[in-house]
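I opened this model to take notes on its ligand site, one helix and a few backbone oddities. My entries follow in the order I looked things up.

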Amino acid sequence: MRQSKTTKLIQQSRTAASHANTVNLPMHRASTVLFDSLAHMDEVQKRQGADEQIPTYGIFNMPQALALENTVAEIEGGYRAMSFPSGLAAIAGAILSCVKSGDHILMTDGSYDPGRRFCDSVLKRLGVETTYYDPLIGAGIEALIRPNTTVVYTESPGSNTFEIQDIPAIAKIAHKHGAVVIMDNAWATGLLFDAFAHGVDMVVQPATKYYAGHSDVLIGLVIANEKTWPQVRDTNYILGQRAAPDDCFLTLRGMRTMDVRLKRHAESAMTVARWLQGRPEVARVLYPALESDPGHAIWKRDFNGASGLFAIELKPCSPQQLAAMIDGYEYFGLGYSWGGFESLVMTAYPTRTVNPWTGGQLVRFSIGLEDVNDLIADLDAGFARLG
Ligand SMILES: *Cc1c(COP(=O)(O)O)cnc(C)c1O
């Protein structure tokens with residue numbers, strides 16, 4: 001029967017491994033899995049070696065992790081997925097799956113900063129060179145490809161500055177030269193951007209954000225296509241990576257409502273973004289869903305919708321004015337991360353080096369599920385404090 005992603009989010013992995021017909025999976029916390037006999041143990045090991053999803057030990061194919069991984073793989077549109085203890089661990093795991101000493105990777109200048117730092121420290125130490133590229137480069141990326149380029153890493157929209165990348169154009173060139181295309185799909189999730197259909201080979205999904213959705217868990221996934229799955233699996237099993245069962249449970253529970261949450265996030269974010277566009281304190285709103293955004297045309301071509309994270313560029317103001325605005329917010333909590341049910345605010349300092357940020361102070365908002373009029377009133381009072 002036809003099953004849309006909305007239905008998959010609700011139905012998928014619901015009763016698998018359940019012994020009591022409960023709607024949700026029972027919890028399995030485990031290191032050891034018991035076998036009936038030596039022959040049984042041998043047979044199960046062989047089947048696991050052949051990539052069957054059979055639990056043999058706490059790190060291998062336990063029910064919570066499998067349920068989460070298989071559902072996220074379907075939502076993102078890939079072949080298989082593997083869970084990690086954080087989104088950052090998933091970034092490292094995806095890249096490490098594709099490189100060896102002497103290789104070269106291309107990374108978007110708009111990428112999540114800790115991922116950049118992984119490239120500049122650990123990867124560098126392992127003899128892998130990173131070149132950052134303009135997120136808007138498109139097919140022009142061909143000029144940066146070297147014979148030893150094995151990865152083209154993308155993130156769209158980019159962290160903090162929200163550039164929309166021409167993923168199909170970049171992927172076409174990368175594949176022509178045999179490089180794997182990795183994409184951080186945190187902002188859109190597989191509901192709003194079908195990365196694999198646009199040429200991506202491996203998706204990094206920091207499920208800490210919209211999938212989990214409740215600011216109570218750190219978790220990441222790497223979703224691979226059929227070609228790249230063996231390298232993701234083999235590299236990361238041996239690195240001991242897998243999310244814990246309680247974290248998988250919370251993420252599965254959170255993602256059952258991701259579709260409805262995202263719709264509300266998007267609707268409120270658009271209302272707030274348009275209101276901010278009319279404010280004299282704001283130089284620019286950086287949100288691809290706005291017609292005025294430079295990335296709007298490609299966003300409209302490739303995405304199915306927007307989520308609730310965007311930034312504003314303020315007109316010049318003093319640090320004291322900025323602090324007065326932010327410190328006094330009633331509903332916008334000041335803190336890292338985003339994608340939870342509650343609204344958050346943060347100042348942003350882009351770490352781009354190819355095109356260093358030359359604009360004014362950026363303030364990033366994660367629009368939560370509160371009443372949008374309350375949020376606007378909070379922002380309005382903030383501008384009054386800014387003076
Ligand atoms: C938060 C974030 C990550 C990392 O996720 P964690 O689970 O916090 O480690 C990766 N990429 C992007 C774009 C993010 O915003």
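**Entry 1: the ligand site**

I started with the ligand, which sits in the largest pocket. I keep in mind that this is a predicted model.

Which residues come nearest to the ligand? I listed 15 residues around the ligand, and Gly87, Leu88, Asp184, Thr208 and Lys209 come nearest. I then asked which helix gives the largest share of the shell. That is α4, residues 87-96, with 3 residues.

Next I checked polar atoms against the ligand's oxygens. A polar backbone atom of Gly87 is 2.7 Å from a ligand oxygen. In the side chain of Thr208, an N or O atom is 2.6 Å from an oxygen of the ligand. For Lys209, a polar side-chain atom lies 2.7 Å from a ligand oxygen. I also looked up how much of the ligand is covered. On its own the ligand has 380 Å² of accessible area, and the protein covers 91% of that.

**Entry 2: helix α3**

I moved to α3, which runs over residues 63-76 and has 14 residues. From first C-alpha to last it reaches 20 Å, close to the 20 Å expected at 1.5 Å a residue.

Why do I call α3 largely enclosed by the rest of the structure? I counted 12 of its 14 residues as buried, so the helix earns that description. My cut-off for buried is under 20% relative accessible area. The buried set includes Pro63, Leu66, Leu68, Val72 and Ile75. Gln64, Glu69, Thr71 and Glu76 are also among the buried residues.

I then looked at what comes just after the helix. There Gly77 takes a positive phi of about 85°.

**Entry 3: backbone oddities**

I went looking for unusual backbone geometry. My baseline is that most residues other than glycine have a negative phi, and most peptide bonds are trans.

Asn61 has a positive phi, near 60°, and is not a glycine. I placed Asn61 in the loop between α2 (38-49) and α3. Is Asn61 buried or exposed? It counts as buried, at 6% relative accessibility.

Ser337 is another non-glycine residue with a positive phi, near 75°. I found Ser337 in the loop between β10 (333-334) and β11 (344-348). Ser337 counts as partly exposed, at 28% relative accessibility.

Where is the cis peptide bond that I noted? It joins Ser156 and Pro157, with omega about -5°. Pro157 belongs to the loop between β4 (149-155) and α6 (167-176).

**Entry 4: two strand residues**

I looked up Arg80 first. Arg80 lies in strand β1, residues 80-84. At 14% relative accessibility, Arg80 counts as buried. I asked what a polar atom of its side chain lies 2.9 Å from. The partner is the backbone oxygen of Asp51.

Then I turned to Ser366, in strand β12, residues 362-366. Ser366 is buried, with a relative accessible area of 2%. I also checked Ser366 against Pro288, 78 residues apart along the chain. Their C-alpha atoms are separated by 14 Å.

**Entry 5: recap**

For the ligand, I keep the figure of 91% covered. For α3, I keep 12 of 14 residues buried. For the backbone, I keep the cis bond between Ser156 and Pro157, and the positive phi values of Asn61 and Ser337.

Definitions and conventions
Residues numbered from 1 in each chain as written. Predicted model: local features only at pLDDT ≥ 70, side-chain atom pairs only at ≥ 80, totals over all residues. Heavy atoms only, no water. Helix = DSSP H or I, 4+ residues; strand = E, 2+ residues; numbered from the N terminus. Expected span 1.5 Å × (residues − 1). Buried < 20%, exposed > 50% of the residue type's maximum accessible area, 1.4 Å probe, protein only. Near = heavy atom within 4 Å. Polar contact = N/O pair within 3.5 Å; in protein donor to acceptor, adjacent residues only side chain to side chain. Areas by Shrake-Rupley, 256 points an atom, 1.4 Å probe, with all protein chains shown as cover. 1 Å grid on protein atoms, 1.4 Å probe; cavity = no way out; pocket = protein on both sides within 12 Å on 5 of 7 lines; lining within 4 Å. Sits in = over half its atoms within 2 Å of the grid points.
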